[in-house]
Amino acid sequence: MGFVDVVGIATSYVKQDFGLNDKLANLLPMLVFLWFAICSLPTGILMGKIGRKRTVLLSAGITTLAMLISLFRYSFPAVLTAFALLGIGNTILQVSLNPLLTDIVAEKKVTSMLTLGQFIKAISSFLGPILAGVATGTWGNWRLVFPVYAAATLLSFLWLQFTPRKRGGA
């Protein structure tokens, strides 16, 4: 979930790269967060139909795709699409991850695992600007932060794919 915070860092680069005015550039982060209002209820319905684990895996797939779009095609429409998909993937994850956690960990550990998850999200949010700076300084291109996030998302997808469920549930 912390990967979505990279949009704040990316906005200044996108503004500069495409010569956007302040008003348009300040609307870019809204593309990510607008999707929570639009997709949260449908995600709950989808989760009831396809299950918690599949819904979380879907979010990881969408997030990975979003992270790779601007790597392969860097245009303003591609960035808009990537930000929108990132918002959709993040919304799906936020709606479905906590219910899935109750299927994966023992009941008495759910609270501590939720806290650990928030801690990891905070670390991810904190590392966004640092990774963007490393990508710019070391690799010469700020957009190379996206494959790093895509790889981390893909690893979490694979880890979840092979994680057994301890309890039943949708």
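Student: Where is Ser96 placed?

Tutor: In this predicted model, Ser96 lies in helix H4.

Student: Why is Ser96 called buried?

Tutor: Its relative accessibility is 0%. A residue is buried when that value is under 20%, so Ser96 qualifies.

Student: Which residues does Ser96 touch, leaving aside those up to four places away in sequence?

Tutor: With that exclusion, Ser96 touches Met47, Arg52, Thr55 and Val56.

Student: Arg52 also takes part in a salt bridge. What makes its pairing with Asp103 a salt bridge?

Tutor: The side chains of Asp103 and Arg52 meet at 3.0 Å, N to O. The cut-off for such a nitrogen and a carboxyl oxygen is 4 Å, and the pair therefore meets the criterion. In general, side chains of opposite charge can pair when their charged atoms come close.

Student: Which parts of the chain does the pair of Asp103 and Arg52 link?

Tutor: Asp103 belongs to helix H4 and Arg52 to helix H3, and their positions lie 51 residues apart in the count along the chain, so that distant parts are linked.

Student: Is Asp103 buried or exposed, and how do you know?

Tutor: Asp103 has a relative accessibility of 2%. Since the limit for buried is under 20%, Asp103 counts as buried.

Student: How many salt bridges does a search of the whole structure find?

Tutor: The search finds two. Besides the pair just described, the side chains of Asp22 and Lys15 meet at 2.2 Å, N to O, which is within the 4 Å limit.

Student: Why are Asp22 and Lys15 called partly exposed?

Tutor: The relative accessibility of Asp22 is 45%, and that of Lys15 is 30%. Partly exposed is the class between buried, under 20%, and exposed, over 50%; both values fall in it, so both residues are partly exposed.

Student: What makes Met113 eligible for a nonpolar surface patch?

Tutor: Met113 has a relative accessible area of 31% and is partly exposed. Patch residues need over 30%, so Met113 passes that threshold. Met113 is found in helix H5, the helix that supplies the largest share of the patch, ten residues. Among the members are Met113, Phe119, Ile123, Leu127 and Trp139, and the patch has about 970 Å² of accessible area together.

Student: Which residues of H5 are buried?

Tutor: They are Val110, Ser124, Gly128, Ala132 and Ala135, and they pack against H1, H4 and H6. In general, residues three or four places apart on an α-helix point the same way, because there are 3.6 residues a turn.

Student: Where does H5 bend?

Tutor: H5 bends by about 35° at Gly128, with Pro129 following within four residues. Just after the helix, Gly140 takes a positive phi of about 80°.

Student: Which residues does Ile9 touch, not counting those up to four places away in sequence?

Tutor: Ile9, placed in helix H1, touches Gly128, Pro129 and Ala132. The C-alpha atoms of Ile9 and Trp142 are separated by 9.5 Å, although the two residues are 133 apart along the chain.

Student: Which members of the largest nonpolar core touch the most other members?

Tutor: Of its 27 residues, Val6, Val14, Met67, Phe83, Val145 and Phe146 do. Helices H1, H2, H3, H4 and H6 each give two or more residues to this core, and H4 gives the most, with eight. Beyond four places in sequence, Val145 touches Val6, Leu131, Ala132 and Ala135. A second, separate core has nine residues, including Val56, Leu100, Ile104 and Leu160.

Student: How do you know that Thr63 is buried?

Tutor: Thr63, in helix H3, has a relative accessibility of 9%. That value lies below the 20% limit, so the label buried applies. Outside its neighbours within four places, Thr63 is in contact with Leu86, Gly89, Asn90 and Thr153.

Student: Why is Ile50 called partly exposed and not buried?

Tutor: Ile50, found in helix H2, has a relative accessibility of 30%. This is not under 20% and not over 50%, so Ile50 is partly exposed. The C-alpha atoms of Ile50 and Met30 are separated by 29 Å, at 20 residues apart along the chain.

Technical notes. Residues numbered from 1 in each chain as written. Predicted model: local features only at pLDDT ≥ 70, side-chain atom pairs only at ≥ 80, totals over all residues. Heavy atoms only, no water. Patch = residues over 30% accessible without salt bridge, like charges linked within 9 Å, V, L, I, M, F, W, Y side chains within 5 Å. Areas by Shrake-Rupley, 256 points an atom, 1.4 Å probe, with all protein chains shown as cover. Buried < 20%, exposed > 50% of the residue type's maximum accessible area, 1.4 Å probe, protein only. Core = buried A, V, L, I, M, F, W, Y, C linked by side-chain atoms within 4.5 Å. Contact = heavy atoms within 4.5 Å. Bend = angle between axes of the 7 residues up to and from the residue.
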